[in-house]
Structure formats: C-alpha cells, structure tokens
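Work through the exercises below with the sequence and the model in view. Each task is followed by its solution.

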Amino acid sequence: MYVEKENEKVIWHDVDDVMIITLPANFDMNANLGYLTREKNECLYEIENNIITKVIAIGEMQSLVQISVIDNQQMVVQFLNGSRPIEKGEREKIATYILEWFDLDNDLTPFYEMANADPLLKIPAQKFYGLRVIGIPDLFEALCWGVLGQQINLAFAYSLKRQFVESFGDSIEWNGKKYWVFPPYERIAQLEPTDLAAIKMTVKKSEYIIGIARLMANGELSKEQLKKMDFKEAEKSLIKIRGIGPWTANYVLMRCLRFQTAFPIDDVGLINSIKTLRNMNQKPTKEEILALSIPWKNWESYATFYLWRVLY
C-alpha cells in the first residue's frame, strides 16, 4: 500500500496489528524526539522510552496509537483502541496524518546542501541532522496554538493549551492514563468568551479563538481552501482574520499548510537564535535577517525551525 502526495509515493504496509511506514534517508528519530520532548507540559502526546503515545483525531475518528522507530528506517504504528478493528480507510487517514506530522514525503537533501554551505545554518544543520519541521496537521489546532502563543513565553502558552484542551477536548483512557484530543472547532464555535473565563488567557484571545472556530463551522475557512491558494493568497486570507497577524499566519503556513517559503521574520526566537549564533551584542534588524536569509530561498521554514531548535 502507499499514500501518494505530490506525485511521490511513501510506502506503508500492514503487518498483523501494526502499520509500518518506510522512512526517508535523512530522518533521525532522536533529533525529532529532542524537539517533541522540549516541553514537559505537552498534553496531546506522551513520550516514554522513545515511544510516542497519541490520539490521532480526524473528523469523528479517534485512534490511540503508539509510534516507535527501528534504526531510523521504519516507523512502527501500533493501534491501542482495544479489540476494535482498524479498517483500511482509517489506516490510510492515519498514515497520511503521520506523514504530514513528520513531513516524511519531503526530500531534505537540497536543504542540507544549502545549509552546509551557509555560515549561520551549518552548525544547527549538522547538530540536528534528521530533524523535520514537526507539523500541526489540524488547521484549527494550528491557528489556536498560534493565537495562544502570542506575546507570552512558551511555558505559559503550554499551560494555556492544557487548560483549553482539558476543559473542552475529548480523551481516551488507556492503562490508567488519559490521552487528550484537541477540541474540535464545531464545539468551540458554540461557546461565548465567558465560557473560557476559567482559562487564564485574555478575553481578546478567547474572542479570537471562538471567531476562528465560527469561520470554520460556517465553511468560510478550511485547510482545503487555503491549500488551493498560492503562498501570498493564503497569507493574505489568514491575516484578514481577527487575531491573526503576519507572525501567526506564517507560523500556520509553515507548520500546518507546509509552505516552505513561510517565514515568521519577526519571531523573537528566530531573532534571539541569530543573535546567539553570531555572538551579536544587539538583536539583528529585520534588514539584516532578510540579507542573511537570501540563500535560504524556498527553505525559509526549515531554516527558521532549525534556528529555533538552537534555543531549546
């Protein structure tokens, strides 16, 4: 079996009760686990002994899976939902989700060729070789995470996400633990800002998140619509939404919609990483960053992600 995307085939097949995904050559699970374990307060997956346990939710479908990797060559996906058989169509959706989550159908060879010749990216590219831009395949989750993270530190953003997910999300219990699912936009669209009052976010952020949910519930905003647009069109469409500025738009274009030219140039982490790597006494200006990024053309999202990784 295979999932086909952009004329490339990524092979996966079933062996008994597990699904095996063949990994691309430039993939390193330790590099990706290093990113995924950067924050202990993550509530949407658990990592123990290098095994990821997560609920993959696609529409009404919710499947609890464990993901492990053998020799950076095969990804093993085991289903934990009990005796319920996982049908072929459901497996295909789960495979597609995982491929998108880890950006597995993207050949990073050109990125590494560019990065190894770039004074700024050379060290991060070598240190974190095999790291993928870890995605957020669900558009509503990506937009909410972008809004939650605005103008606060990362630890507080994770605290807000946990409160939001545990207040309004579903969960699957397995082995005495709860595994949470990000709240669906249909549910959040029914709320008022006062319903989110117990969560320690601003009233504005509550309004933004509910507004986004309502746009999606009304069919005015969808991942499918945005993916049909070119980068500039998609960026403009997102920035028109209340609460979405250029930073949040590019964050979502990068991690959900997979535009490799997405570039959150005003990102504090990106600025601080460049300052650190170049031993600068003051933060680089936007003009300086634009000049540095000229060689990154068509790989801006990966360059940004690797520079972020320097700071964790």
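**Exercise 1.** State what share of the protein chain is buried.

Solution. Buried means under 20% relative accessible area, with a 1.4 Å probe and protein chains only. By that cut-off, 51% of the 312 residues in the protein chain are buried. The model is predicted: local features need pLDDT of at least 70, side-chain atom pairs count only at pLDDT 80 or more, and totals for chains, interfaces and linings use all residues. Residues are numbered from 1 along each chain as its sequence is written, and side-chain values use heavy atoms, leaving out hydrogens and water.

**Exercise 2.** Count the secondary structure elements and judge the compactness of the protein chain.

Solution. The protein chain has 14 helices and nine strands (DSSP runs, numbered from the N terminus: H or I of at least four residues for helices, E of at least two for strands). Its radius of gyration, taken over C-alpha atoms, is 19 Å, close to the 20 Å from the globule rule (2.2 Å times the number of residues to the power 0.38), so the protein chain is as compact as a globular protein of that length.

**Exercise 3.** Describe the nonpolar cores.

Solution. A nonpolar core is a set of buried Ala, Val, Leu, Ile, Met, Phe, Trp, Tyr and Cys residues joined through side-chain atoms within 4.5 Å. The largest has 103 residues, of which Met75, Phe102, Phe164 and Leu238 touch the most other members. Helix 5 (residues 139-148) gives this core its largest share, eight residues. A second, separate core of six residues includes Val55, Ile172, Tyr179 and Val181.

Notes: Buried means under 20% relative accessible area, exposed over 50%, partly exposed in between (1.4 Å probe, protein chains only).
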